[in-house]
Amino acid sequence: MSDVPKLRITLLGAGQEVGRSCCVLQYRGRTIVCDAGVHPAYSGIASLPFVDDLDWSTVDVLLITHFHLDHAAALTYIMEKTNFRDGKGKVYMTHPTKALHKFMMQDFVRMSGSSSDTLFTPLEMSMSLASIIPVSAHQVITPCPGVTFTPYHAGHVLGACMYLIDIAGLKILYTGDYSREEDRHLVKAEVPPVHPDVLIVESTYGVQSHEPRDDKEARFTNLVHSIIRRGGHVLLPTFALGRAQELLLILDEYWSKHPDLHNVPIYYASSLARKCMAVYQTYIHTMNANVRTRFAKRDNPFVFQHITNVPATRGWERKIADGPPCVVLASPGFMNNGPSRELLELWAPDSRNGLIVTGYSVEGTMARDILVEPEEITGVKGNTIPRKLSVDYISFSAHVDYSQNSEFMELVKPQHIVLVHGEATGMGRLKAAMQDRYKSRDEEVKIHTPRNLETLELTFRSERVAKAIGTLAAKPPQPNDVISGLLVSKDYSYTLLDPRDLRDFAGLTTCVVTQRQKVALGVGWDLVRWHLEGMFGQIEQGLDNDGIPTMRVMGAVDIKLTQDQELTLEWDSSASNDMIADSTLALINGIDRSPASVKLTTHPHTHDHVPKHPHPHADLEDESAERIRIQRLAWFLEAHFGDVELHMPEEGDEMEQGEDAHEPSLLVTLDEADAVINLLSMTVASSSESLRRRVEAVLDMAVSTVSSLSEAFTAGVSLQMEEPAPAGESSKEQKSGSPTLPSIPEDTKEDTSTRDALKASIEKNGHGPPKEDGANGKEEDGDEEDEEDDDAILQVHD
């Protein structure tokens with residue numbers, strides 16, 4: 001199993017934690033990285049993924065699912081501060097994500113500019129943005145050979161996507177953060193049409209369940225209204241982009257329905273959000289049908305009637321805190337710093353005020369700590385502040401809950417599930433719950449929960465599938481059809497082509513290498529043929545279009561008498577043709593030293609003597625061919641089973657044994673069991689199954705033994721000889737030197753059945769029984785000298 005390729009999954013972040021998502025996929029020499037975020041609970045270098053554990057120059061593709069900082073903020077550091085730029089890696093994200101990522105990173109650099117552990121400069125951020133390649137949903141991208149990926153809508157935030165990645169045929173679905181609930185402006189996450197081998201999925205909420213959307217919206221608006229009625233301020237800590245737009249849509253609609261609230265301002269405290277609203281209005285077409293319909297009616301839902309941006313003046317937080325009741329959406333959502341933290345410290349001592357946490361809170365942040373409603377909180381400057389404002393939690397988080405996540409896993413149907421982006425406890429509970437669900441239905445799906453830097457290795461049973469295209473695909477194959485062609489492998493995919501289609505479909509060209517070998521000839525032309533027939537059986541002979549005497553061996557090698565004392569071997573090079581040519585050349589070189597040649601030329605003549613008798617191993621074409629073939633078969637069978645009887649019924653015989661009884665056959669008897677061999681169909685019939693199988697095995701050996709090479713195997717095409725053209729009437733082809741003989745296709749093998757050859761021989765010569773030696777006398781025209789020569793030949797070749 002060591003040579004079986006393994007998928008290696010290593011989490012540089014988000015392994016049993018929420019934050020700094022960074023997943024490394026390595027398979028068949030390709031490295032794909034999904035997401036590159038920072039941890040919101042840390043700052044500086046400590047917030048980064050474990051970037052030192054990867055050689056970034058080997059990365060082929062870096063995919064960003066969405067613009068949130070915990071998924072994309074480390075991208076600039078990786079692109080500009082590591083050896084990523086020394087490799088050939090490419091960075092991809094969707095068009096809306098790239099547009100919003102620019103503003104997010106500008107704000108990120110501004111917020112961390114005063115810190116001593118700034119990760120990168122504004123210039124480095126601008127340089128990295130220029131290298132990002134934007135893509136569209138459902139667009140199939142091939143970033144490098146053997147790798148393709150397709151983005152699918154993931155919900156969550158504008159532009160968020162999940163990636164279906166194909167590496168050499170292995171399919172991996174990386175979800176990032178996703179939502180299966182359609183809200184007021186986003187579509188819900190799609191289910192890809194392909195079942196992946198591996199699903200890498202978030203587990204943020206573990207086994208928790210969200211309350212119904214209508215219920216939580218009603219609870220949210222009622223809570224905001226009640227805080228306003230008691231004269232308090234409402235603080236909604238949110239990130240500048242994402243859930244903030246959803247909350248603004250809810251509040252704007254609620255205010256429109258309640259005139260008594262029209263004098264209560266709703267502030268959106270984010271300069272970043274103001275810049276990004278233009279992006280939201282640009283990408284209306286990526287949102288759900290509700291938003292698109294309103295926009296088509298010239299009702300832009302993101303032009304709010306009751307939302308006001310806070311004045312861009314210094315100290316606006318205190319002015320609002322000292323003013324009348326209001327609602328403020330302030331970033332960041334985790335309240336570790338920024339406007340949301342300042343407002344919290346100003347409003348915390350007043351019991352009329354209220355804090356509503358509307359999204360997921362990462363452990364180690366103020367948003368998580370305050371949910372336990374402590375008596376005091378610690379200010380940014382280290383001072384202690386009493387907490388008297390009310391604290392409520394209503395999740396508008398665009399992450400899947402347990403029911404949505406489990407449903408998605410079952411729809412996707414992967415072999416392996418890798419849980420990421422979740423705390424260890426919740427992740428463990430989700431794993432146990434899903435294992436119980438699969439076990440109850442007898443489904444074998446493996447669930448993994450790797451920690452950071454813990455490499456998970458998965459092995460898959462690889463199935464290589466070749467697509468037949470071009471001429472081979474013109475006619476759909478039927479069951480049991482054999483399809484042959486050239487198998488072209490490119491970028492881990494396989495294509496089956498007819499050689500004639502290679503140029504059109506693969507961009508490749510083919511050529512035929514024709515080899516020629518000249519041999520000095522010291523014997524006669526007919527003696528060469530006599531020896532070739534003894535080795536290969538039947539030899540085709542004639543004249544080529546140039547009038548040169550030519551013999552073709554097994555349809556593959558041409559032997560031409562180019563001069564009186566010279567032969568030229570010519571063949572199209574291939575594995576089989578080269579082998580035939582080698583054996584032919586070896587045979588020709590040994591003719592003058594052969595004892596048989598000496599016997600044949602013991603006349604007052606040179607080696608030009610023409611043999612009077614055919615080679616005993618040559619294919620016979622006279623009337624004795626059938627007799628000799630059957631006799632040889634019978635001898636072979638007798639050597640294994642003893643006496644063998646030959647039955648050759650007369651044409652007029654009436655027999656009741658059935659149709660097969662009217663055909664010539666051999667009868668084998670062994671241990672009181674009979675087996676009948678039909679000499680036309682070469683099939684065996686017997687009442688004893690064991691005897692039938694045994695006779696079939698011996699018959700196969702017998703047929704292959706008594707048949708020549710030319711009968712059993714053909715490496716090319718037959719030689720169609722043409723008479724030489726009369727003088728002065730040469731065709732254009734002959735003038736140009738182009739041959740009119742059919743070319744020998746490269747490495748074309750065609751097995752011809754020797755059983756068919758025997759059958760044809762019997763049918764050609766009728767059903768008359770073979771003559772025994774001595775029956776009806778000897779050949780009348782044989783003389784004594786001929787008999788002596790024949791004996792000499794047989795003695796040599798016995």
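**Group meeting: R529, the C-terminal strands and the main core**

I will start with a single residue, R529, which counts as partly exposed because its relative accessibility is 25%, and buried would need under 20%. Keep in mind that this is a predicted model.

R529 sits in helix 15, residues 525-536. Its side chain makes a polar contact, at 2.8 Å, with the side chain of E533. Setting aside residues up to four places away in sequence, R529 touches I539, Q541 and M551. R529 is also 9.5 Å from E540, C-alpha to C-alpha, with the two eleven residues apart in sequence.

Those residues lead on to the strands. E540 and Q541 fall in strand 27, which covers residues 540-543. M551 falls in strand 28, residues 549-553. Strands 27 and 28 pair in the antiparallel sense over four bridges, and G542 stands opposite T550. The hairpin they form has five residues between the strands, and there G547 takes a positive phi near 80°.

On to the next pairing. Strand 28 runs antiparallel to strand 29, residues 557-563, and four bridges join them. M551, the residue touched by R529, has I559 as its bridge partner in strand 29. This hairpin has three residues between its strands, and M554 takes a positive phi near 50°. How much of strand 28 is buried? Four of its five residues are, so to speak, under cover.

Now the core. The largest nonpolar core has 68 residues, and those with the most contacts inside it are F220, W255, F302, V327, L329, I356 and M409. Helix 6, residues 243-257, gives the most to this core, with eight residues.

Take I356 from that list. Leaving aside neighbours within four places in sequence, I356 is in contact with F220, L223, V224, I227, V234, L235, L236, P237, D392 and I394.

Back to helix 6. Twelve of its 15 residues are buried, so helix 6 is largely enclosed by the rest of the structure. Among the buried ones are R243, E246, D252 and W255. Its length also checks out: at 1.5 Å a residue it should span 21 Å, and its end C-alpha atoms are 22 Å apart, which agrees.

Last, helix 3, residues 95-111. Helix 3 has 17 residues and reaches 25 Å from its first C-alpha to its last, close to the 24 Å expected. Its buried residues include P96, H101, F103 and F108.

Terms used. Residues are numbered from 1 along each chain as its sequence is written. This is a predicted model: local features need pLDDT of at least 70, side-chain atom pairs count only at pLDDT 80 or more; totals for chains, interfaces and linings use all residues. Side-chain values use heavy atoms; hydrogens and water are left out. A nonpolar core is a set of buried Ala, Val, Leu, Ile, Met, Phe, Trp, Tyr and Cys residues joined through side-chain atoms within 4.5 Å. Buried means under 20% relative accessible area, exposed over 50%, partly exposed in between (1.4 Å probe, protein chains only). Helices (H or I, at least four residues) and strands (E, at least two) are DSSP runs, numbered from the N terminus. Contact means heavy atoms within 4.5 Å. Two strands pair if DSSP finds at least two bridges between them. The expected span of a helix is 1.5 Å times one less than its number of residues. A polar contact is a pair of N or O atoms within 3.5 Å; within protein, one must be able to donate a hydrogen and the other to accept it, and residues adjacent in sequence count only if both atoms are side-chain atoms.
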